[in-house]
Amino acid sequence: MKNPYFVGLKPDASSIGRADGTFCLLFGWKWLGSAVGTFCRPSKPNVATSAVGTFSFHIPGLQSGVSAPIFTLLLTLLTFCSSAQNHVFVETESFEDKGGWVIDQQSFVVMGSSYIMAHGMGRPVKDAATTVKFAKPGKYKMWVRTKDWAPFPKGPGKFEIIIDGKQVGPVFGSSGSDAWKWYDGGETDIKAGSAKLSIKDLTGFNGRCDAILFTDDLKFTPPNEFEALTTFRKKLLNLTEKPAEAGRFDMVVVGGGIAGTCAAISAARMGLKVALIQDRPVLGGNNSSEIRVHLMGDVDKNHYPKLGRIVREMDNGDPGNGNPDAKEYGDARKISIVKAEPNISLFLNTHVYKVEKENDIITAVVGRDIATNKEMRFTGSFFSDCTGDGTIGYLAGAEFRMGRESKAETGESLAAEKADDFTLGTSNLWASLERDTVSSFPETPWAIQFSDEYHIDEPKADWQWETGFGNFNTITDAEKIRDHNLRAIYGNWSYLKKNKAAKYAKRELAWVAYIGGKRESRRIIGDHILNQMDIQEGKFYPDGSVTATWTIDLHFPDAKNSKYFEGQEFFAGTKHIKVAPYTIPYRCLYSKNIQNLFVAGRNISTTHVAFGSTRVMRTCGMMGEVVGFAAYLTTKYKTTPRGVYQDHLPELMAILKGETPAPQP
């Protein structure tokens with residue numbers, strides 16, 4: 001039997017169902033007919049069900065006069081199918097009312113999904129709630145997919161499930177296991193065709209929930225292994241069909257940080273039709289209100305005065321790092337600038353997880369809405385990887401590097417003696433504010449423990465609150481890194497409130513970032529790899545474009561922090577090695593082996609040492625501007641990013657100088 005609907009059918013199986021309600025009836029190995037059920041499509045996007053409705057039979061060769069035994073057989077099969085398992089799968093990020101819970105998509109690469117989290121900084125958040133449709137009332141088994149994020153020995157992320165106002169199942173989120181898995185929520189009676197489902201946070205300390213499953217097969221256990229769960233999730237969410245077409249674009253920019261936003265604006269103003277895709281509800285990346293890192297690097301020391309103009313538009317001043325006032329980072333202003341561009345189609349809350357290509361040319365990318373799970377496909381002539389993580393390049397098979405090169409490999413005096421996986425880390429900034437009254441903070445036995453001998457006596461964070469340093473993979477361990485940072489923040493704050501009351505009694509946490517501010521991960525290899533000598537010697541290549549000014553700023557664990565938390569550091573130090581203004585070659589801004597892929601931001605083609613200088617955001621924004629201009633030339637001459645360097649470099653340089661380039665054949 002070749003029908004793909006029935007792959008995996010065991011020899012003794014009598015029926016198999018899909019999430020779209022299609023069933024196959026078999027007798028032994030003979031396909032007797034198809035039973036087409038009515039798919040119960042929910043009125044809201046958060047629910048997917050499979051249910052059996054009406055049926056029709058067609059058995060080739062069977063005459064209208066059906067004998068009693070055959071009729072009895074068909075009736076038996078029909079009765080069997082009407083009792084087939086019914087799953088109701090609820091993605092929590094799609095709840096109609098998320099209350100005080102927030103969506104976290106940072107671990108999509110290892111989970112295949114977003115989840116919601118109760119980020120209340122020690123104060124329980126408002127319930128998340130939604131309406132769930134059921135094909136029929138009855139007894140259902142409930143499964144809840146969650147984890148204990150701080151199992152030391154048990155963490156604080158406790159929550160309850162409420163159905164129609166009644167708490168059901170145990171308390172979740174404090175199991176002692178830090179693995180994502182399904183937890184048995186027991187059996188519950190569903191008394192009507194719909195029910196109000198709520199998640200009640202009990203602590204405000206980052207409890208999290210991925211999905212909730214209801215099944216009338218009381219012996220069924222949902223899959224947890226990544227591939228099986230992904231297939232199960234897609235089927236029950238009806239995501240097996242082709243994604244919606246977003247359109248065709250001259251340039252598809254993935255990543256809405258400063259680099260990506262500037263690349264999109266630059267290309268659009270040159271007349272290109274551009275898609276700008278960002279996986280969060282705001283633009284700006286590390287400079288957004290979600291992360292709150294200030295812009296660094298100069299834009300006024302350029303050889304090319306045209307570069308930096310778009311960066312200045314994005315710049316909302318210098319509020320510093322971790323300012324408690326979200327408005328200081330200009331989220332609304334950034335979005336309004338982009339939306340004012342008629343050639344840009346903006347797609348927020350969209351995580352790109354798939355690349356389509358032909359040989360070494362990307363043809364399309366597919367993204368999923370982090371809340372609704374709706375999928376969209378973006379086709380384009382050229383793509384720009386501004387994700388920071390080099391995600392598009394990685395998915396497309398671009399050459400990349402992650403970690404430190406050795407001195408023998410690069411000849412750099414600042415390189416490591418041996419190549420390794422060490423990377424700069426990720427920061428979760430925080431801030432407290434003075435209030436009129438004394439406040440308390442809960443005990444945090446699950447957090448990192450501080451003492452009179454070692455604590456950090458500051459009312460807010462700066463860049464030094466950083467985790468990574470090769471102890472964690474900054475891409476696949478993003479959740480662990482963030483959680484380690486939270487354990488440090490909450491543990492230190494609990495200590496200060498209890499032991500330094502004279503200074504902190506009237507202070508309370510006003511803001512803690514739950515989205516990590518990442519520094520380093522993959523670097524996509526281009527036709528030139530910028531190195532320490534290029535920077536310190538101020539080499540000026542013919543394709544030198546962006547002028548960079550930041551020091552070689554390579555972080556490492558703070559010595560005192562390492563003494564007390566060896567291998568678990570969360571506080572950084574650095575040495576700033578000054579450099580003269582230098583230029584970054586255009587050849588660092590495209591992939592060496594993927595023909596139509598540009599890059600801009602912290603994932604450009606550099607060594608680890610040179611990356612220490614190129615990674616700051618005003619510099620990254622100017623890279624984006626250059627990419628936009630180059631994309632205009634690739635479109636104009638129907639060439640590649642490399643072709644611009646080989647055949648049209650004078651015209652690119654003329655654009656950067658603000659000159660009107662002479663026409664070229």
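This text leads through a predicted model, going from its strands to one of its helices and then to a single arginine.

Let us begin with an open sheet of 4 strands, in which the order is β8-β13-β10-β11 and the pairing is antiparallel. Reading that order from end to end, one meets β8 (128–133) and β11 (166–172) at the edges, and because each of these has a single partner strand, one side of each is left without a neighbour in the sheet. From one strand to the next, the twist averages 20°. At the β8 edge, the partner is strand β13 (residues 194–201), and the two pair in the antiparallel sense over 6 bridges. To find this pairing in the structure, the reader can look for Ala129, whose bridge partner in β13 is Ser198.

Parallel pairing can be seen around another strand, β15 (residues 244–254), which pairs with strand β20 (residues 375–385) in the parallel sense over 9 bridges. Here a useful landmark is Arg248, which has Thr379 as its bridge partner in β20. Strand β15 is also joined by 4 bridges to strand β16 (residues 274–277), and these two strands run parallel as well. In this second pairing, Val253 stands opposite Leu276 of β16.

From the strands we can turn to a helix, α16 (residues 649–656), which is mostly covered, since 7 of its 8 residues are buried. The buried residues are Leu649, Glu651, Leu652, Met653, Ala654, Ile655 and Leu656. What do the buried residues of α16 pack against? They pack against strand β28 (544–548) and against two helices, α14 (617–637) and α15 (641–647). Just after α16 comes Gly658, which takes a positive phi of about 80°.

Helix α14, one of the elements against which the buried residues of α16 pack, also holds the last residue of this walk, Arg618. Is Arg618 buried or exposed? Its relative accessible area is 16%, and because a residue under 20% is counted as buried, Arg618 belongs among the buried residues. The side chain of Arg618 reaches the backbone oxygen of Gly297 at a distance of 3.1 Å. Leaving aside residues up to four places away in sequence, Arg618 touches Leu295, Met296, Gly297, Val299, Val311 and Asp315, so that Gly297 appears both in this list of contacts and as the residue whose backbone oxygen the arginine side chain reaches.

Definitions and conventions:
Residues are numbered from 1 along each chain as its sequence is written. This is a predicted model: local features need pLDDT of at least 70, side-chain atom pairs count only at pLDDT 80 or more; totals for chains, interfaces and linings use all residues. Side-chain values use heavy atoms; hydrogens and water are left out. Two strands pair if DSSP finds at least two bridges between them. Axes are lines fitted to C-alpha atoms, for helices over the stretch in contact, and angles run from 0 to 180 degrees between N-to-C directions. Buried means under 20% relative accessible area, exposed over 50%, partly exposed in between (1.4 Å probe, protein chains only). Contact means heavy atoms within 4.5 Å. A polar contact is a pair of N or O atoms within 3.5 Å; within protein, one must be able to donate a hydrogen and the other to accept it, and residues adjacent in sequence count only if both atoms are side-chain atoms.
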